[in-house]
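I opened a notebook page for this structure and wrote down what I looked up, entry by entry.

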Amino acid sequence: MGRTFRAFLWMRWRILINSLERTGARDTLERFSIATEKLGPIIALVLLIPSSIALFVLGMTGGFGVATGAWSIAFEVIRYFLLLALALTLIGPIILPTRDSGSIIRLILLPIPRMTLYIGQMVGAIADPWIVLVVPVVLGVAIGLAVGLKFVAALVALAAGVAFLLFVMGLTSFASSIVHLLLRDRRRGDIVMLIVVLIIPIVAIAPQFIMHSDRATRKMTRAERAALPPTTAEKVVKRIAPYVPSEAYRRAAVGAATSPVDAALPLATLAIVAFAVQAAAYAAYRRVLDMPVSLGTRRAGSFGGLWNRVIPGLTPAASAVAFTQLRLALRTPRGRATIASPLLMPIVLAAIAYRGGRMPFPGVEGHSGIGLAIFGLAASILALLPLSLNQFAIDKAGFTRQMLCPLSVRELLWGKAVGNALIAGIPAAFCLVLPALLFPGTSPSQWLGLALAGFATYALLAPAAAALSALFPKTVDLNSIGNSSNAHQGAALLGMLSFVVSAAPSVLLALVASKLLHRPELVPLLIFGWSVVAFGLSYLLFIPVVRFVDSRRETLAQYY
Amino acid sequence: MEFAVETRGLSRTFGSKRAVDGIDLKVPAGSFYGFLGPNGAGKSTTIKCLTGLLRPSSGEMRILGLDPLVDPVEIKRRVGVVPEDLALFDRLTALETLSFIGQVHGMPGETFAARSTDLLSLMDLTGAATTLVADFSHGMRKKLSLAAALLPAPRLLFLDEPFEGIDAVASRQIKELLHSFVGRGGTVFLTSHILEIVERLSTHIGVIADGRLVAQGRIEDVRAGALGKGTLEELFIQLVGGERPAADLNWL
């Protein structure tokens with residue numbers, strides 16, 4: 001087993017070093033692109049050192065405080081830190097890249113026992129920052145207790161810390177195996193990812209609905225609110241809390257400082273839960289090893305002749321690119337998330353506002369409707385950025401096919417721009433129509449002005465997105481909705497800046513007309529004028545961008 | 001003689017490596033040209049230069065009488081390519097892939113329907129027409145890539161290892177199809193490691209080694225010039241200098 005782990009360690013080390021030393025960059029621009037992409041992880045790695053020291057000190061302070069009986073805020077911080085690590089462990093496998101089945105197949109072919117493979121995979125979870133940062137905390141607590149002369153409690157805290165770590169590592173392994181098992185069937189995987197996309201915003205607002213949210217309580221003091229009888233949801237949370245591993249760890253460490261007997265039950269709970277999770281993770285991993293490849297074939301739905309139409313203003317070739325961009329987006333979880341997540345924004349925001357009493361719902365507050373629509377429109381364009389700032393990645397090998405077709409770079413870029421506009425257009429239209437229906441008091445010209453502002457913003461953003469896609473290409477996994485499907489960090493940063501610059505003129509014109517001139521009726525007219533100018537600017541900007549993308553074709557083909 | 005592909009001093013370098021080193025290709029129109037070479041000799045780089053995927057570092061090219069650097073789109077209208085990596089959209093179906101090619105070529109709907117039906121049937125892909133390419137086997141992908149290359153009825157076909165991974169039945173049908181394509185005046189530029197196929201199909205060959213063209217011409221002429229007689233395999237090994245003593249792995 002030792003030899004196997006040494007081999008694993010060496011392999012990972014070489015992969016890391018090779019990725020830094022042998023980038024395969026062809027020119028200075030590509031070297032710059034690769035360097036900026038690696039900058040983020042390197043900074044994160046460097047930041048881990050002071051973070052670990054700070055967390056170790058926090059752990060020691062907490063442990064010492066418990067040992068001396070001076071209950072400190074430090075242990076409360078540790079409590080919530082461990083709870084956060086637990087939550088991140090659960091969502092980590094969804095937002096991180098999916099496990100490469102190819103590497104699993106290679107491992108199965110080697111003479112390595114399954115248990116060794118499992119331990120290797122499970123220990124690999126320590127590379128997740130939220131897990132590695134748990135280590136200095138639990139070590140610090142044990143040392144802090146020992147410094148406070150509570151040696152038995154220190155041992156108990158150390159045992160509880162090890163059990164907690166085994167639990168989170170087992171949970172990571174279990175969750176990633178389950179995600180792998182779910183995703184190996186493409187159809188099922190797509191459905192799972194879509195459900196996750198829909199669930200995440202609902203989970204984010206759930207506390208708003210579970211906890212006290214009566215409008216009357218908003219005016220109460222903290223003491224008055226504390227005196228209120230607990231709701232059913234709060235009762236359930238209180239009942240479950242002791243069995244949550246982070247809470248069991250806290251109870252074990254704190255209990256051991258007063259009496260080792262008090263620590264016995266939480267420590268046993270933690271050990272049992274850790275063992276159960278490890279057993280489940282091993283069973284799930286064995287199933288992954290039994291069948292690591294993708295299953296089933298997928299038939300695609302037909303949209304009749306819709307896809308074969310020529311979009312007015314585009315050539316047939318550019319229309320084909322536009323519809324292909326939309327079709328590919330609809331067939332990837334990340335693409336679907338781009339469309340689905342902004343759709344939820346106005347609904348979630350309206351629900352929160354209604355719950356908070358800030359919006360008489362249904363009402364006739366025109367400003368609220370416009371605000372909601374602006375937010376939805378911005379969310380639609382922003383949700384598109386990960387796709388549009390790396391717009392050739394969605395084609396994968398199809399990018400080369402486009403290069404082989406009688407298709408000019410200009411047609412390719414216009415097709416991509418219109419395809420991306422269609423992707424963002426679906427949620428944007430919904431985000432305009434829904435508030436327009438809910439707030440009928442607002443003048444139609446204002447809604448039109450808003451739609452034109454969205455158009456002007458996108459028109460200016462499109463050439464920038466094309467240029468950034470060529471400058472910062474990145475191979476992505478669009479089956480994931482997390483970081484691995486995001487655009488290059490450099491592109492994301494500059495893309496966000498481009499969005500702000502593109503949106504600013506519309507915002508400024510609206511402010512000038514309504515606040516400075518006090519003539520809000522001028523807003524749609526001014527924005528109409530600006531949208532014409534923006535379209536002209538976009539057309540002109542595409543000329544150098546076409547040349548730039550043409551000069552980067554070879555580099556792009558290497559990535560996809 | 002009219003040439004479908006003609007290059008002069010075609011070179012391509014990657015950093016300090018000269019992958020293609022000043023080759024002068026002459027592919028007669030209406031010929032079946034087998035382009036041979038050992039792994040890493042520069043075959044795929046040459047095809048990529050000829051099909052516009054790579055810009056040559058130096059040299060001149062004429063494809064069907066046109067300059068690819070001046071008329072790239074016009075050349076692509078007349079040329080079909082099965083590239084090394086097949087270049088297919090993973091999340092399109094077989095039919096959608098062909099539909100994309102048809103649309104980009106501005107093909108009328110009826111023409112597309114008739115040709116795609118014929119090609120899918122020929123490649124035995126009719127049952128998989130609405131299956132995503134991501135779910136295809138390697139052989140099915142290769143057949144689809146070939147169908148995509150044939151759909152616009154090109155005058156010149158660049159095929160990079162077209163028979164690798166294709167079953168015997170489809171392979172035979174494709175060979176017959178390519179034969180009749182050449183018989184009707186089309187030109188095929190093919191690379192393959194299967195020398196028997198090249199020997200059986202080709203009228204002309206070119207052999208590349210270390211980026212340099214070491215032989216070119218009618219297959220009989222090249223064979224006669226180099227060996228007098230012998231198989232293509234013997235000719236190939238002699239030309240690329242691949243005669244090495246067999247390794248004696250007595251530990252095996």
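Entry one, strand β7 of chain B. I began with β7(B) in this predicted model, and I found that five of the five residues of β7(B) are buried, so the strand is largely enclosed by the rest of the structure. I then looked up which way its residues point: B:Leu156, B:Phe158 and B:Asp160 face one way, while B:Leu157 and B:Leu159 face the other way, and all are buried. I noted beside this that in a regular strand the side chains alternate between the two faces of the sheet.

Entry two, the partners of β7(B). I looked up the pairing with β6(B) and found that the two strands run in the parallel sense, joined over four bridges; within this pairing, B:Val79 has B:Leu156 of β7(B) as its bridge partner. For strand β8 (residues 187-191) of chain B, I found five bridges to β7(B), again with the strands running parallel, and I noted that B:Leu159 stands opposite B:Leu190 in β8(B). I also recorded that β7(B), α6(B) and β8(B) make up a β-α-β unit that is right-handed.

Entry three, helix α5 of chain B. How far apart should the ends of this helix be? For the 13 residues of α5 (residues 138-150) of chain B, a rise of 1.5 Å a residue leads me to expect a span of 18 Å, and the end C-alpha atoms are 18 Å apart, which agrees. I next checked how covered the helix is, and 11 of the 13 residues of α5(B) are buried, among them B:Met140, B:Arg141, B:Leu144 and B:Leu150. The buried residues of α5(B) pack against β6 (79-82), α3 (94-104), α4 (109-122), β7 (156-160) and α6 (168-183) of chain B, and I see that β7, the strand of my opening entry, is in that list.

Entry four, two residues with positive phi. I looked up B:Leu86, which has a phi near 70° although it is a residue other than glycine, and which lies in the loop between β6 and α3 of chain B. Is B:Leu86 buried or exposed? It has 21 C-beta neighbours inside 10 Å, and because 20 or more count as buried, I entered B:Leu86 as buried. In chain A, A:His518 is not a glycine either, and its phi is positive at about 55°; its place is in the loop between α20 (489-516) and α21 (523-551) of chain A. A:His518 has 8 C-beta neighbours inside 10 Å, so I entered A:His518 as exposed.

Entry five, chain A as a whole. I found 22 helices and zero strands in chain A, and of its 560 residues 43% count as buried. Among the contacts in chain A with a separation of 6 or more, 81% come from residues 24 or more positions apart.

Entry six, where the chains touch. I looked up the contact and found that it takes 29 residues from chain A and 31 residues from chain B. On the side of chain A that touches chain B, α14 (316-330), α17 (398-404) and α22 (553-559) each supply at least two residues, and α14(A) gives the most, with seven residues. By class, I recorded 12 nonpolar, eight polar and nine charged residues on that side of chain A.

Entry seven, confidence. The predictor gives the complex an ipTM of 0.91 and a pTM of 0.82. For chain B I noted a mean pLDDT of 91, with 97% of its residues reaching 70 or more.

How values were computed: Residues are numbered from 1 along each chain as its sequence is written. Chains are lettered from A and ligands numbered from 1 in the order in which they are written. This is a predicted model: local features need pLDDT of at least 70, side-chain atom pairs count only at pLDDT 80 or more; totals for chains, interfaces and linings use all residues. The expected span of a helix is 1.5 Å times one less than its number of residues. A residue is buried if 20 or more other C-beta atoms lie within 10 Å of its own, exposed if 12 or fewer, and partly exposed in between; C-beta atoms are placed from the backbone. Two residues are in contact if their C-beta atoms, placed from the backbone, lie within 7 Å. Ala, Val, Leu, Ile, Met, Phe, Trp, Tyr, Cys and Pro count as nonpolar, Asp, Glu, Lys and Arg as charged, and the others, Gly among them, as polar. pLDDT is the predictor's confidence in each residue, from 0 to 100. Two strands pair if DSSP finds at least two bridges between them. A crossover is right-handed if, with the strands pointing away from the viewer, the path from the first strand over the helix to the second runs clockwise.
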